[in-house]
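Let's walk through this structure together, one region after another. Please have the viewer open so that you can follow along.

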Amino acid sequence: MRKKLVAGNWKMHKTLTEAKVWLQELLSHTLPSSAEAALMVPFTSLPAAQEVLSGSPVAFGAQDVSAHQEGAYTGEISAKMLADLGCKYTIIGHSERRAYHKEPDLLVAEKAKRLLEANIAPILCVGEPLEVREAGEAVFYTLKQLEGSLQGVNPGSPHNLVIAYEPVWAIGTGKNATPDDAENMHDEIRSWLSSRFGKEYAAGVRILYGGSVKPDNAAALFAQPNIDGGLAGGASLQLESYLLLLGAAR
Ligand code: PGA
């Protein structure tokens, strides 16, 4: 059985002080035990997450990591630094990094390796832009991105890897993939994982849907057999909507 995961991606929102207040308020609620809650916060808010969430069932992590272990890489943050702050997960290959920072698949694969060396599970994002979907190439494109982003990567256990299918046209646009379209892609992703890592392994990997996940569409998406939760941006910023997403995952 795969426990559903509802991961929030705060992107570049909230100061350390704001994050601390938000996370303390989150813990003042009774959280459903049917799903795992996790918040991917800006680097600067990780100390607040560590202070508030350590010992709680709520996991946390970062939104990116350096592809290097350590050294003269000004401005970068290593997987070891993230592990020291208690990160359980970290997003890699988000479409905003692929687009604005020109991150290619092979760099994403290096980042996956660094995270796994530090015992942090990558939340690896893949997904097609609008023109690719309109050309009928969404599955081919997404699986190719997955293959490139996992080149040379050996995650060990299925718990060490999370895939997030995030169609680029759905991110921050209010347009989500239909539950059927998303399920179809998730099924393809799981089949690909099966051919690469074996059937049993693939059956244990959580595949999240991301792209305008909101309280009013989450339950239908999360009810699909191969959708194991969500990666939510906008809807994870307000406590009320994040709690509704958690409640929709069972
Ligand atoms: P969104 O973002 O929920 O605001 O569409 C999702 C993401 O980019 O991870």
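The paragraphs below go from the ligand to the strands and then to a few single residues.

Before we begin, keep in mind that this is a predicted model. The ligand is a good place to start. Which residues of the shell are closest to the ligand? The shell has 13 residues, and the closest are K11, H94, E166, G172 and S212. Sorted by class, this shell holds four nonpolar, seven polar and two charged residues.

Now zoom in on the oxygen atoms of the ligand. E166 places a polar side-chain atom 2.7 Å from a ligand oxygen atom. At G234, a polar atom of the backbone is 2.9 Å from an oxygen atom of the ligand. The side chain of N9 has an N or O atom at 3.3 Å from a ligand oxygen atom. How much of the ligand does the protein bury? Taken alone, the ligand exposes 280 Å², and 97% of that is buried by the protein.

One of the closest residues, K11, deserves a second look. You will find K11 in the loop between strand 1 (4-9) and helix 1 (16-27). Although K11 is not a glycine, its phi is positive, at about 50 degrees. Most residues other than glycine have a negative phi. Is K11 buried, exposed or partly exposed? Its relative accessibility is 22%, and buried would require under 20%, so K11 counts as partly exposed.

From here, turn to strand 3, which covers residues 59-62. A59 and G61 point one way from this strand, F60 and A62 point the other way, and all of them are buried. Which strands does strand 3 pair with? Strand 2 (residues 35-40) runs parallel to strand 3, and three bridges join the two. One partnership to look for is M40 with G61 in strand 3. To get from strand 2 to strand 3, the chain passes through helix 2 (residues 46-53), making a right-handed β-α-β crossover. Strand 3 also pairs with strand 4 (residues 89-92), again in the parallel sense, over two bridges. Here A62 has T90 in strand 4 as its bridge partner. Helix 3 (residues 79-84) belongs to this part too: with strand 3 and strand 4, helix 3 makes a right-handed β-α-β unit.

Just before strand 3 comes V58, in the loop between helix 2 and strand 3. V58 has a relative accessible area of 4%, so this loop residue is buried. If you step 18 residues along the chain from V58 to E76, the C-alpha atoms of the two are separated by 26 Å.

Next, move along to strand 7, residues 206-210. Why is strand 7 described as largely enclosed by the rest of the structure? Five of its five residues are buried, so the rest of the structure largely encloses it. Both faces of strand 7 are covered, with R206, L208 and G210 on one side and I207 and Y209 on the other. Strand 6 (residues 162-165) runs parallel to strand 7, and four bridges join them. Within that pairing, V162 stands opposite R206. Strand 8 (residues 229-232) also pairs with strand 7 in the parallel sense, over two bridges, and Y209 stands opposite G230 in strand 8. The chain reaches strand 8 from strand 7 by way of helix 10 (residues 215-222), and this β-α-β crossover is right-handed.

Let's finish in the loop between helix 4 (95-100) and helix 5 (105-117), where E103 has its place. Is E103 buried or exposed? Its relative accessibility is 7%, so E103 counts as buried. The side chain of E103 also makes a polar contact of 2.9 Å with the side chain of K111. K102 lies in the loop between helix 4 and helix 5 as well. At 66% relative accessibility, K102 counts as exposed. K102 has a positive phi of about 50 degrees, though it is not a glycine.

Notes: Residues numbered from 1 in each chain as written. Predicted model: local features only at pLDDT ≥ 70, side-chain atom pairs only at ≥ 80, totals over all residues. Heavy atoms only, no water. Near = heavy atom within 4 Å. Polar contact = N/O pair within 3.5 Å; in protein donor to acceptor, adjacent residues only side chain to side chain. Areas by Shrake-Rupley, 256 points an atom, 1.4 Å probe, with all protein chains shown as cover. Nonpolar A, V, L, I, M, F, W, Y, C, P; charged D, E, K, R; others polar. Buried < 20%, exposed > 50% of the residue type's maximum accessible area, 1.4 Å probe, protein only. Pairing = 2+ DSSP bridges. Right-handed = clockwise from strand over helix to strand, strands pointing away.
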